[in-house]
Amino acid sequence: MEKSNTSQHISHKFDEEMESLRHQVLKMGGLVEQQIGGAVDALQKMDAVAADEIILRDHKVNALEVAIDEECTRILAKRQPAATDLRMVIAVIKTITDLERIGDEAEKIAKMAVHIAEQNGHFHSHYVGIGHLGEHVKRMVHDVLDAYARLDVDAAIQVVRDDEVADKEYQNIMRTLITYMMEDPRTISEVLDVMWAGRALERIGDHAKNIGEYVIYLVKGKDIRHVDLNEAEKKLLS
């Protein structure tokens, strides 16, 4: 009986550790969402002060990644999880790497906002696509974190699909900005900064897609990277 009680205690403790890990990931995700929204808003308003705050807050994202990674290492060493629990830890390690990189991309956007503001630049009508793309990828990050919290494969697949929309929006933005530079070469320096911001947003979409794939791996145990999504979806949902 005593041995059984000990096993139950260990199991309960492990469940608590895994739940704490999940909450830490969601906390990091929430901070990253704020960074994206703040960076895009600072760029649209050319607000150097707000952009500087985004840059300064990036260390919080980095610190959370380190703390969660250390906890994952401890759990792997101490608990030696298997099956679904092992997939959970692996998915967490991969997810926080992508979240940290999303934070880096948000920081890049903020730096572009600072640079343009310092050059007395303005957010012209030609840049409006950046705002649309920013909202799209921010929503992707929110949705994929929600899918992670609920272990929702359908929602995760939708985020993977949404990345195709982000890629198309990015391509349209690039065509518009290149045309604008050709029409008015005086804008080249400023437009290049906006293009770098657009590239950062496109990369955020890629990272959100990656996290969606991790959710699918966690729930279904299947790696759908480099696989046709339509075929993968048929197998996953059949």
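**View 1. The lining of the largest pocket in this predicted model.** Twelve names make up the list here: Val160, Asp163, Glu164, Lys209, Asn210, Glu213, Tyr214, Ile224, Arg225, His226, Val227 and Leu229 all line the largest pocket. The space inside comes to about 240 Å³. Helix H5 (153–183) and H6 each chip in at least two lining residues, and H6 gives the largest share, with four.

**View 2. A nonpolar patch on the surface, starting from H6.** Ile188, Leu192 and Trp196 together make a nonpolar surface patch of about 320 Å². Ile188 sits in helix H6, which runs over residues 188–220. With a relative accessible area of 36%, Ile188 is partly exposed. As a reminder, an α-helix has 3.6 residues a turn, so residues three or four places apart point the same way.

**View 3. Helix H3 and its two ends.** H3 covers residues 83–118, 36 residues in all, and spans 53 Å from first C-alpha to last, close to the 52 Å expected at 1.5 Å a residue. Look at Ala83, which belongs to H3: its phi is positive, about 50 degrees, even though Ala83 is not a glycine. Ala83 also counts as exposed, because its relative accessibility is 54%. After H3 comes Asn120, also with a positive phi, this one near 60 degrees.

**View 4. Leu151 in the loop between H4 and H5.** Helix H4 takes in 128–150, and Leu151 lies in the loop between H4 and H5. Here is another residue other than glycine with a positive phi: Leu151 has a value near 50 degrees. Leu151 counts as partly exposed, at 39% relative accessibility.

Technical notes. Residues are numbered from 1 along each chain as its sequence is written. This is a predicted model: local features need pLDDT of at least 70, side-chain atom pairs count only at pLDDT 80 or more; totals for chains, interfaces and linings use all residues. Side-chain values use heavy atoms; hydrogens and water are left out. Patches are made of residues with over 30% relative accessible area and no salt bridge: like charges are joined within 9 Å, nonpolar side chains (Val, Leu, Ile, Met, Phe, Trp, Tyr) within 5 Å. Accessible areas come from the Shrake-Rupley method with a 1.4 Å probe; for residues, only the protein chains shown count as cover. A salt bridge is a side-chain nitrogen of Lys or Arg within 4 Å of a carboxyl oxygen of Asp or Glu. Buried means under 20% relative accessible area, exposed over 50%, partly exposed in between (1.4 Å probe, protein chains only). The expected span of a helix is 1.5 Å times one less than its number of residues. On a 1 Å grid over the protein atoms alone, a cavity is a set of points where a 1.4 Å probe fits but cannot get out, and a pocket is an open set with protein on both sides within 12 Å along at least five of seven lines; lining residues have an atom within 4 Å of a point. Grid points are joined across faces, edges and corners, and a volume is the space filled by probe spheres set on the points.
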